[in-house]
Amino acid sequence: MRRRKSTIFFVVLGVLLIALAIALQVGWILLNLQQIALLVLGIVFFALLITGLVLNTTFLVREIRKNEQQDAFLNAVTHELKTPLASIRLYLQTLKQRDLSPEKRSEFYDIMLADSDRLLGTVEQVLAASKTKEKTRRSKAAPVDLREVVAESAAQIVTRYNLPEKAIKITDGSDALMIEADREELQTVFLNLLDNAVKYSGDDPDIAVKFRLRSTGMAEVHVKDRGRGIPSSELKSIFKRFYRVRGSGASDPKGTGLGLFIVRSIVGSYGGRILVKSKGLNKGSTFIVRLPVSE
Ligand code: ADP
């Protein structure tokens, strides 16, 4: 809220300054109409002044926005770290204080394992996001079957969210889609996309995955969900670091705004592209990953 106020303040300040500059300049021009040389000079300075002001205001607003997103990111990460830790702690305390049946114990262990997976997932995502800045990666590139990686990722997500098998339908195909890539990186891409597809689908996810081989030598993976969709004004921004679409409030799925940023940098580093389509709110979304197939 405070940030929003300061943004408004700077925008109003910028506009006022511009108006003042225009008023001064117009008065000045009127007084000096005969002196053409001065007039031209004045106009040039005027243009420079205005450009500077506009640039300054744009810069300020952008910085404030960035700050706002980083704050939100920190909050999200803290939440993502704290919740599973608190849960693990609670179960450990219970295990220590009470005599529980073996079934109950095993149930608690499973929950704690799932929580620690969640913790690890968050930490790995933050690490991956900082790694995407380094250009010295790509040590483990080898031919990888795209279909296989997608199927493995889907199986992991089905387990992670305890979904029925049919929640993620993968259309088979005959042509091999081999990519020269680091298997783990490719898995990160599809785990993120499928995780989002489930997360933003509400109670009954219905996800379809399709493959295509284009004549340009690009393999395509389409991940389509019937979830809450993405407003068209947000389609470009969602790939930015820390960016999250503002939702309906407390019931919103949690996240860090890093997933799609990581996806885009990995896909980009292989000379591929990630595209997104959505007809709007509650009309589902389709993410398309394009990667060059190896010879
Ligand atoms: P996170 O999910 O942690 O917020 P991401 O970078 O993975 O971060 O996604 C950025 C934003 O894009 C999300 O906050 C969400 O609003 C939107 N988004 C991503 N995938 C989907 C999807 N399948 N359906 C609807 N919205 C999505």
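A salt bridge is a side-chain nitrogen of Lys or Arg within 4 Å of a carboxyl oxygen of Asp or Glu, and the views below show several such pairs in a predicted model.

**View 1. A salt bridge joins R228 and D252.** The side chains of R228 and D252 meet here, with a distance of 3.4 Å from N to O. Both residues lie in the loop between β5 and α6, so the pair ties together parts that are 24 residues apart in sequence. R228 is partly exposed, with a relative accessible area of 24%, whereas D252 is buried, because its relative accessible area of 14% falls under the 20% that marks a buried residue.

**View 2. R214 pairs with E220, and P292 lies 9.6 Å from R214 between C-alpha atoms.** The closest N and O atoms of the salt bridge between R214 and E220 are 3.1 Å apart. E220 counts as buried at 2% relative accessibility, while R214 is partly exposed at 28%. P292, which is found in strand β7 (residues 285–292), is 78 residues away from R214 in sequence, and P292 is itself partly exposed, with a relative accessible area of 29%.

**View 3. K104 and E107 form a salt bridge within one helix.** The two residues both lie in helix α3 (residues 102–131), three residues apart, which is about one turn of the helix. Their side chains meet at 3.3 Å, taken from N to O. K104 counts as partly exposed at 34% relative accessibility, and E107 likewise counts as partly exposed, at 37%.

**View 4. E148, E152 and R183 are linked in a network of salt bridges.** Side chains of opposite charge can pair when their charged atoms come close. By the rule given at the start, the count of salt bridges comes to twelve.

**View 5. Positive charges gather in a surface patch.** The patch consists of K210, R212, K224, K277, K279 and K283. R212, one of these residues, has its place in strand β4 (residues 207–213) and is partly exposed, with a relative accessible area of 44%.

**View 6. A nonpolar patch lies on the surface.** W28, I36, L38, V40, L41, V44, F45 and L48 form this patch, and together they have about 760 Å² of accessible area. Helix α2 (residues 36–97) gives the most to the patch, with seven residues. F45 is found in helix α2 and is exposed, because its relative accessible area of 53% is over the 50% that marks an exposed residue.

**View 7. N162 and F242 each have a positive phi.** Most residues other than glycine have a negative phi. N162 has a phi of about 55° although it is not a glycine, and N162 lies in the loop between α4 (146–160) and β2 (168–170), where it is exposed at 71% relative accessible area. F242, which is also not a glycine, has a phi of about 75° and is found in the loop between β5 (218–225) and α6 (259–269). Unlike N162, which is exposed, F242 counts as buried, at 12% relative accessibility.

**View 8. The setting of the close-ups is a protein with six helices and seven strands.** From the N terminus on, the elements run α-α-α-β-α-β-β-α-β-β-α-β-β. The protein has a radius of gyration of 26 Å, whereas a compact globule of 295 residues would have one near 19 Å. The C-alpha atoms fill a box of roughly 95 × 60 × 40 Å, taken along the principal axes, and 37% of the 295 residues count as buried.

How values were computed: Residues are numbered from 1 along each chain as its sequence is written. This is a predicted model: local features need pLDDT of at least 70, side-chain atom pairs count only at pLDDT 80 or more; totals for chains, interfaces and linings use all residues. Side-chain values use heavy atoms; hydrogens and water are left out. Patches are made of residues with over 30% relative accessible area and no salt bridge: like charges are joined within 9 Å, nonpolar side chains (Val, Leu, Ile, Met, Phe, Trp, Tyr) within 5 Å. Accessible areas come from the Shrake-Rupley method with a 1.4 Å probe; for residues, only the protein chains shown count as cover. Lys and Arg count as positive and Asp and Glu as negative; His and the chain ends are not counted. The place of a charge is taken as NZ of Lys, CZ of Arg, CG of Asp or CD of Glu. Helices (H or I, at least four residues) and strands (E, at least two) are DSSP runs, numbered from the N terminus. Buried means under 20% relative accessible area, exposed over 50%, partly exposed in between (1.4 Å probe, protein chains only). The radius of gyration is taken over C-alpha atoms; the globule rule is 2.2 Å times the number of residues to the power 0.38.
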